[in-house]
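Visitor: Please take one part of this model and look at it closely. Keep the answer connected, and go straight to the residues.

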Amino acid sequence: MITITHYLVLSAILFMLGVVGVLIRRNAIVIFMCIELMLNAVNISFVAFAYHLHSMQGQMFVFFTMTVAAAEAAVGLAIIVAVFRNKETVNIDDMNIMKW
Amino acid sequence: MTFNILSILPILVLAGFGMLVLVVDVMSARKLGEKNLLAYLSLAGIVIAAIVSRNSTATTLFSFNETFTIDNYALFFNILFLLSTGLVILISHSYIKREDINHGEYYALLMFSTIGMMLMASGADLLNIFIGLEVMSISIYILTGFKRSKLISNEASLKYFLLGAFATGFLLYGISLVYGTTGTIDLRQIASFVAGKGGVKDPLLLMGMGLIIVGLGFKVASVPFHAWVPDVYEGAPTAVTAFMSVGPKAAAFAAFMRIFLTAFGSSHYEWQKAIWILAVLTMTVGNVVAISQTNIKRMLAYSSIAHAGYLLVALVAANNMGVSGTLFYLLAYIFMNIGAFAIVIVLSQKGDVGMNIDDYAGLGFKHPMLAIAMTLFMFSMAGIPPMAGFVGKFYIFSAAIKSGYVGLAIIGVINSVISVYYYLRITVIMYMKEPVRDFHPLTISPLIVVAIAIAVVGTLHLGIFPSKVMEIAQRSILTLR
Amino acid sequence: MLNLISLVLLFPLIGTAINGLIGKKLRKETVGYIACGAIGMSFFVAILVFFGLLQLPPESRVFEKQLFNWIESGSFKAAAGLQVDPLSSLMILIITGVGFLIHIYSIGYMHHDKGYHRYFCYLNLFTFSMLLLVLGNNFLLMFIGWEAVGLCSYLLIGFWFEKKSASDAAKKAFIVNRVGDFGFALGIMLIFITFDTIDFTGVFHAASQGNIAVGSFTVTIITLLLFMGATGKSAQIPLYTWLPDAMEGPTPVSALIHAATMVTAGVYMIARCNVLFMLSPFTMTVVACIGAATALFAASIGLVQNDIKRVLAYSTVSQLGYMFLACGVGAFTAGVFHLMTHAFFKALLFLGSGSVIHALSGEQDMRKMGGLKKHIPITYRTFLVGTVAIAGIPPFAGFFSKDEILLEAFVRGNFIYWAVGALAALFTAFYMFRLLIMTFHGKSRVDHHAMEHLHESPKNMTVPLKILAVLALLGGFLGIPGASAINGFLSPVFGEHGHVETHGAEACGSHAACLPYLMMVISTGIAIAGIYLAYLMYIKSPELPKKLAERFSLIYKLLLNKYYIDEIYDALFVNPIKKISLLLWKRVDAQLIDGTVNGVAGFVRGFGSVLRLSQTGYVRNYAFYIVAGCIFIIVFVVFGK
């Protein structure tokens, strides 16, 4: 029997993977994918809660999250492309003109 | 009535004008004259939206299945957002021409971002607040990178985007946990759930609350979620920096107070301590690091972090004086901060040259009026009477004392004293050092002069006659709990 | 019409703003027109307001206009509001009316000055502040006006700040006033603590309801503190020393600020607070004694001074003493009446002396004047009117008001007050005629250089003189004994204790009817005696003053050096304070405090430059801060209790 706990643990693990990915990866696109992973991990928890609570609000939220993620993807990739055109790299460790 | 189109009329107006600007921009033959038209068109949109929102209602109104609310609180913030956006449009006009980024999207994005802020202030459930936050942020990600060909702008945009999306993940996770444990995303239902349980005990719910603090703490630039602020402020086009230092911050505070006072108001012991620590860290780091800055935009970035700290003090106090003081402070902050950025714009040259604090040497002799205005804004931010900033700080610290947080108020006042050092340094440099450069050509236009004049008048008026606005602010917060 | 009252304040403020901001770029004529126009319009509105007030029945002649809520903090509430009642309406008429004439006069007098626009900017600002002082409906607003007139006075005394004596005099005025202001501020705070409000209406209502016992300690302290403020602003013993020095400013300024209006603020304040003062007999005695002493003391110094403006300055101090004497015996109407007539004739005298100085290209020493009568006839004739008025010859204005004060002092006070006042009156008549004779009569002692430029002043200077002369001649009839218009007009403010005759009549029984007339005769006699003395000593036998000075050389020296009060103050207060300050500066401030502050600042700066290193510029680090913060917060929130 798969309970709500299983879903939540899965969601937490995926979220953590995303967080760790953001912390250790260098390629901006991979980092961005890790962020998407975090968002989708949250989506799993939303759906699981919605199913558990018999409430539609969670499912509705998932749709909006996906929309937002899509919009973010569009803008984010555009920004990464703009960076690449000027710098010819997407390694975020090369990006520290501004500091201190 | 659950569906009332009138309740979102200001938002519709802004959206309509935003799209109109885009269309006019595409249709017009890219002549400079037309570009002026875009600025005026956007200003018209702002003014009409302000008129509409003023007329919409005076009593609390729920619509869209009770997920959206127009109350005095939302109205206050709507006017505040429109004011800040309007001022930013005024100061942008000559700036984006100088920097060759005079595209119609600029104005449209400003307005779309404002729509997001309005949604945040009016959201009666977590979903609306979340959508508003994203609409606001995504527009600003683009605006930050608006100088497409400049690496510094790109880098700022990328940093802001990655960290912003990262923080969004935390916020979203927090919302999901709150939803899972309370069974609802409606703020008032969460409130009754929490009150029914006699405070928050469920660790999952507490965790959700903590994650929401992280997500919103990122937007208000609270330490340790502040690290993006200096870099992004420095890299973004200056007018955009002015924009994001006031509007989004105000919106994040609007959402912060809505969520934590309405939904979690009855269990404030659980979150007050955490915010207490954030407030102290934010004030201290912001002020202390600001001292060692040499770039004025970076210095203002740290100053903006410090001001977020003062506002968090009011949130900790969580009494009527503190909350209405926050509203007052945000309004004052719009005037003094946009005013300061306007002067930074006027004095910088193409390619954002002349952003070092030492570049201001001798301004007092060359351009006395600008120097006086800058001095005024700096004094106001430092909290010297009779400027608006003093009154705001006065309300906030007395609210903290009223709620029994004497220690916090003392730390706040000490920080205020530290801040005087770097604000006054600018004045000292302007008046007591020999000019090292020629300030010409000034980036000046009638619109930016109007903006500076409004900022000066606002700063002084709020400082000398605060009662009227404070009364309005006090009336605005009645619907929060 | 009463609603127009805010315009009275608005016009001078607009004038200040225009001349202050763009006055440098305007032509001189325009600057003058703007400044005079502002005050003129203000005067016009003041007249309208006055007639508006007259239309109301006497007992309800109070009008308050709330402008906005200014400060609110706990139970402390200060609204900015204006109050029009007979007293304040009379004051605004004097301020704007006399002020208008002096503004016009200034156009001519200051014509050659390079700080023309600055001058008019200050002058308008002064008028605004003074109006604020008298129109405010609470103590705080009054205090703001009080401070603002002090500031303007400082700016205008030091108007020719390149001159060291002028800037020194300005500083002296400011600092001495500060001593008084300190008391005034304390008084206001004590009023708030006692009455829980600072609104005039609230305070005076509470006080008149009998909540405060007559002679109670609190009210005595309050009124003494308020009076301390008044001694500073109105140049009474012991704080009078700044006023004679203040003559360093341009002469129209001396006329407006240091004779007609600002220095009477103390009298106005005490009259305004008459309810409080009446509750404290002790304070009233103090006020009366200080007033009488000042009247005599200053008059005696005036006897031997040689600088034309200084004589007038000591005369002002002395006349202010009269007003305080009147207030001190409870005759507020008489005090305010004298305030009004004094504004007329003293402004006239100052402007006249200004005209003399103008004619002599800046000479102020009377020993180098004389025989100017035929050269500047208009100035002479108007000056004569002013001199006669202040000396107290009927039917000139000064006679009625001074006579009334002496009468009141006798009836309500005692014989000593009267005797001191009468002696001061004798001195007054003497030194004023001495001044007149030394300046205008006799042989000319003018050096030939100044003689070449000798000329009568232009029209814009002589016309105000003429108008003021008419006022000095006729102003007294407002308070003619028996049919006093001013008594009736002011009685709603001062209640039944404010004025005279009836009370006087009861007090002295069967002599009632004849006493006022007897007094008139006596005071006229005193005045004539003084004038005769002056005639004797300066026309009949000019060698007499010298002989007297030799014979009583000690007294003469004492008087000439103003009783050495300045030197005594220097030795007692100024020098010790300077020494202590030097010590505090060198040791405590420069070493201890600066050392600490610099140390702390250095520490903070060092801390900051270490902390900023955390801003590495790497997204990865920033994300790490977020995660770390997040873990901390969650741990804190979930397990933190």
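Guide: B:A221 counts as buried, because 29 C-beta neighbours lie inside 10 Å and 20 are enough for that class. This is a predicted model. B:A221 sits in the loop between α8 and α9 of chain B. Its phi is near 65°, a positive value in a residue other than glycine.

The helices on either side of that loop lead to chain C. In that contact, 35 residues of chain B meet 29 residues of chain C. α8 (203-220) and α9 (228-235) of chain B each supply at least two residues of the side that touches chain C. So do α6 (151-182), α11 (268-291), α17 (406-432) and α19 (467-476) of chain B. α8(B) gives the largest share, nine residues. By class, this side of chain B has 27 nonpolar, three polar and five charged residues.

Chain B has another backbone feature to check. A cis peptide bond joins B:P385 and B:P386, with omega about 5°. B:P386 lies in the loop between α15 (368-382) and α16 (388-402) of chain B. Chain C has a cis peptide bond too, between C:P394 and C:P395, with omega about 0°. C:P395 is in the loop between α16 (377-391) and α17 (397-412) of chain C.

For a contrast in burial, go to chain A. Phi of A:E88 is near 60°, again positive in a residue other than glycine. A:E88 is in the segment after α3 of chain A. A:E88 counts as exposed because it has 8 C-beta neighbours inside 10 Å, and 12 or fewer define that class.

Key. Residues are numbered from 1 along each chain as its sequence is written. Chains are lettered from A and ligands numbered from 1 in the order in which they are written. This is a predicted model: local features need pLDDT of at least 70, side-chain atom pairs count only at pLDDT 80 or more; totals for chains, interfaces and linings use all residues. Two residues are in contact if their C-beta atoms, placed from the backbone, lie within 7 Å. Helices (H or I, at least four residues) and strands (E, at least two) are DSSP runs, numbered from the N terminus. Ala, Val, Leu, Ile, Met, Phe, Trp, Tyr, Cys and Pro count as nonpolar, Asp, Glu, Lys and Arg as charged, and the others, Gly among them, as polar.
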